[in-house]
Amino acid sequence: MRLRIHHETLYDYLGTVALAQHMVHLTPRAGAGQQVLHHEIKITPEPATRSETIDVFGNLRTFFSLQAPHETLRVDAQSEVETSKPWPLPDNPAWTVQSWEWLREHFRYRVQAPYDPASEFLFASPYVPRDDAFAAFARPVFATGLPVLEAVRALTERIHTDLTYETASTEVNTPALQALEQGKGVCQDFAHIMLGCLRSLGLPARYVSGYLLTQPPPGKPRLIGADASHAWVALYVPLPVGFIAPDGAPTSGPGAWFDFDPTNNRCGWGSPGEDYVTLAVGRDFSDVSPMRGVIQGGAGHELDVAVTVAPPEEWAQLAPRAPASEATQSQSQSSTPG
């Protein structure tokens, strides 16, 4: 599936900003079932310096600095990506005998055990602590001896069913434990809760940020800027001895990452679906925030984020969204995925 994405971020400062430095994660990842056909980031005003680097998780990030006074900042990221259908979760007997306890024991610390890079995703991170409350929420679906992929699939469904998706019910920095306690949130919260559950049980999992092609209500046009970024989770499982991955199935060294989206109760090997675009991966949202930085000056700001995801052939028929003032109010949580 070919998808075009426009992610526009506009800061309108209350007062003049003298100096600023920003880091953005707005470049889709290549590989894992998707090919980046085109990508560009336009920044206004023109930065004094700009560079691109690969972070520790393999994401391409862009750094820029502004050294002249400015009262607005606009960052336009435009991408075109070709996605593929994900492989379904394996039902090969070699996988079905791998219980979730086996995966937990595989990653349990042992003296002189071989290092596995996925072990970095076992530990607490800034937005996701390890806590008994997460483990207690997950245990009812983690029956003794249950195959690991089946157990995680059941956890995905439980989060989707038991928690309520509610826009603006949380802030970007709402603790995952608070979102679990209140029983509602957005996709970022659902992803953080699922990460907390898996890591608290000793299973390695990472945060995935990206986009999802959404469908407008029946009879309504697709609107420019009406979409939002999205978030889900990927679980790492070592490849069983003797297992041969199907041609084209994504693997990572001696293992594979399997994607689970608790917001929409979908999963797949490589992504939850061909209507998903992967942007970046990390321990949690703090590693892959679309844009963050520091400024000198500016007494405050208004933020307007507009995201559009659509097949290229539909762009000519897109309808304008609400005026900027209404969009800013309606997207007060727009920096939060989901």
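# Exercises on a predicted chain

All 14 of the 14 residues of helix 6 are buried (under 20% relative accessible area, with a 1.4 Å probe and protein chains only), so helix 6 is largely enclosed by the rest of the structure. The model is predicted: local features need pLDDT of at least 70, side-chain atom pairs count only at pLDDT 80 or more, and totals for chains, interfaces and linings use all residues. Residues are numbered from 1 along each chain as its sequence is written, and side-chain values use heavy atoms, with hydrogens and water left out.

## Exercise 1: the whole chain

Task: Describe the secondary structure, extent and surface of the chain.

Solution.

Step 1. Start with secondary structure. The chain has eight helices and 14 strands. Both are DSSP runs numbered from the N terminus: helices are H or I with at least four residues, strands are E with at least two.

Step 2. Judge the extent. The radius of gyration is 20 Å, close to the 20 Å that the globule rule gives for 338 residues, so the chain is as compact as a globular protein of that length. The radius is taken over C-alpha atoms, and the rule is 2.2 Å times the number of residues to the power 0.38. Along the principal axes, the C-alpha atoms fill a box of roughly 60 × 40 × 40 Å.

Step 3. Look at burial and contacts. Buried residues make up 50% of the 338 residues. Take contacts (heavy atoms within 4.5 Å) with a separation of 6 or more: residues 24 or more positions apart account for 76% of them.

Step 4. Turn to the surface. The chain exposes about 15400 Å², and carbon and sulfur atoms supply 53% of that area. Accessible areas come from the Shrake-Rupley method with a 1.4 Å probe.

Step 5. Count the charges. There are 24 positive and 37 negative side chains. Lys and Arg count as positive, Asp and Glu as negative; His and the chain ends are not counted. The centres of the two sets lie 3 Å apart. Each charge is placed at NZ of Lys, CZ of Arg, CG of Asp or CD of Glu.

## Exercise 2: helix 6

Task: Compare the span of helix 6 with the expected value, then see what follows the helix.

Solution.

Step 1. Helix 6 covers residues 187-200, which is 14 residues.

Step 2. From first C-alpha to last, helix 6 reaches 20 Å, close to the 20 Å expected at 1.5 Å a residue. The expected span is 1.5 Å times one less than the number of residues.

Step 3. Just after helix 6, Gly202 takes a positive phi of about 90°.

## Exercise 3: two residues of strand 1

Task: Decide for Thr9 and Leu19 whether each is buried or partly exposed, and list their contacts.

Solution.

Step 1. Thr9 lies in strand 1, residues 2-24. Leu19 lies in strand 1 too.

Step 2. Thr9 has a relative accessible area of 7% and is buried. Leu19, at 37%, counts as partly exposed. That class runs between the buried limit of 20% and the exposed limit of 50%.

Step 3. Skip residues up to four places away in sequence. Thr9 then touches Leu73, Arg74, Val75, Met291, Leu303, Asp304 and Val305. On the same basis, Leu19 touches Leu66, Gln67, Val294, Ile295 and Gln296.

Step 4. Leu19 and Ile295 are 276 residues apart in sequence, but 5.8 Å apart in space, C-alpha to C-alpha.

## Exercise 4: backbone features in loops

Task: Find what stands out in the backbone at Pro45, Gln112 and Ala168.

Solution.

Step 1. Recall the background. Most residues other than glycine have a negative phi, and most peptide bonds are trans.

Step 2. The peptide bond from Thr44 to Pro45 is cis, with omega near 5°. Pro45 sits in the loop between strand 2 (34-44) and strand 3 (49-54).

Step 3. Gln112 is not a glycine, yet its phi is positive, about 65°. Gln112 lies in the loop between helix 2 (100-106) and helix 3 (132-138). With a relative accessible area of 79%, Gln112 is exposed (over 50%).

Step 4. Ala168 has a positive phi near 65°. Its loop runs between strand 6 (164-165) and helix 5 (176-182). At 46%, Ala168 is partly exposed.
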